[in-house]
Amino acid sequence: MHILIINGPNLNLLGRREPGIYGTRSFEDYLPELREAFPNLELEYFQSNHEGELIDKLHEVGFKHHGIVLNAGAYTHTSIALADAIAAINSPVVEVHLSNLAAREQFRQTSLIGKHCIGSISGFKLESYKLALHYFEGTRPKRVGFKV
């Protein structure tokens with residue numbers, strides 16, 4: 001399965017940018033851990049601070065990849081064009097965020113892209129990506145502390 005992870009604006013600064021909110025690890029340091037945890041998935045990674053580049057990448061892979069994990073950063077709350085690009089492609093998209101959007105500023109609590117995604121995961125820092133990849137792998141994370 002080919003899965004593309006796309007990170008939007010300012011996510012190239014993970015590990016340095018507001019570590020209290022976003023953590024202290026860069027995504028590049030975390031990516032090998034994801035590849036090791038999901039050996040049955042062929043993971044690709046793309047990051048851009050430019051809205052048009054994100055849209056171009058969605059158009060490029062959105063009809064051939066099995067899935068896309070997208071952290072659109074601030075474009076989540078502002079980009080109708082990015083929402084339209086997600087709506088236009090066939091590949092399922094999971095929206096992820098490192099912070100809990102519901103606990104953030106009011107303007108961050110609205111997602112323009114969410115309605116075009118198959119699901120949204122937020123608030124688990126870098127683990128949000130693992131949760132999205134579990135979906136694509138066809139497994140569920142183990143439920144801890146609950147009887148199934």
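Let me start with helix 3, residues 51-61, which lies across strand 1, strand 2 and strand 3, the last of these being residues 67-71. Against strand 1, helix 3 runs at about 175°. Bear in mind that this is a predicted model.

Helix 2 is next. It covers residues 27-37 and lies across strand 1, residues 2-7, and strand 2. Its angle to strand 2 is about 165°.

Now the sheet under discussion. What is the order of its five strands? The order is 2-1-3-4-5, in an open sheet with parallel pairing. At the edges are strand 2, residues 42-47, and strand 5, residues 119-122, and each of these pairs on one side only. On average, neighbouring strands in this sheet are turned by 20° against each other, direction ignored.

On the strand 5 side, the partner is strand 4, residues 93-97. How many bridges join strand 4 and strand 5? There are four, and the pairing is in the parallel sense. As for a residue pair, Glu95 stands opposite Ser120, which is in strand 5.

Last, a loop residue. Ser26 sits in the loop between helix 1, residues 19-22, and helix 2. Is Ser26 buried or exposed? Ser26 counts as buried, because its relative accessibility is 16% and the cut-off for buried is under 20%. Leaving aside residues up to four places away in sequence, Ser26 touches Leu14 and Gly15.

To go back over the helices once: helix 2 lies across strands 1 and 2, and helix 3 lies across strands 1, 2 and 3. That is what I have for today.

Notes
Residues are numbered from 1 along each chain as its sequence is written. This is a predicted model: local features need pLDDT of at least 70, side-chain atom pairs count only at pLDDT 80 or more; totals for chains, interfaces and linings use all residues. Side-chain values use heavy atoms; hydrogens and water are left out. Two strands pair if DSSP finds at least two bridges between them. Helices (H or I, at least four residues) and strands (E, at least two) are DSSP runs, numbered from the N terminus. Axes are lines fitted to C-alpha atoms, for helices over the stretch in contact, and angles run from 0 to 180 degrees between N-to-C directions. Contact means heavy atoms within 4.5 Å. Buried means under 20% relative accessible area, exposed over 50%, partly exposed in between (1.4 Å probe, protein chains only).
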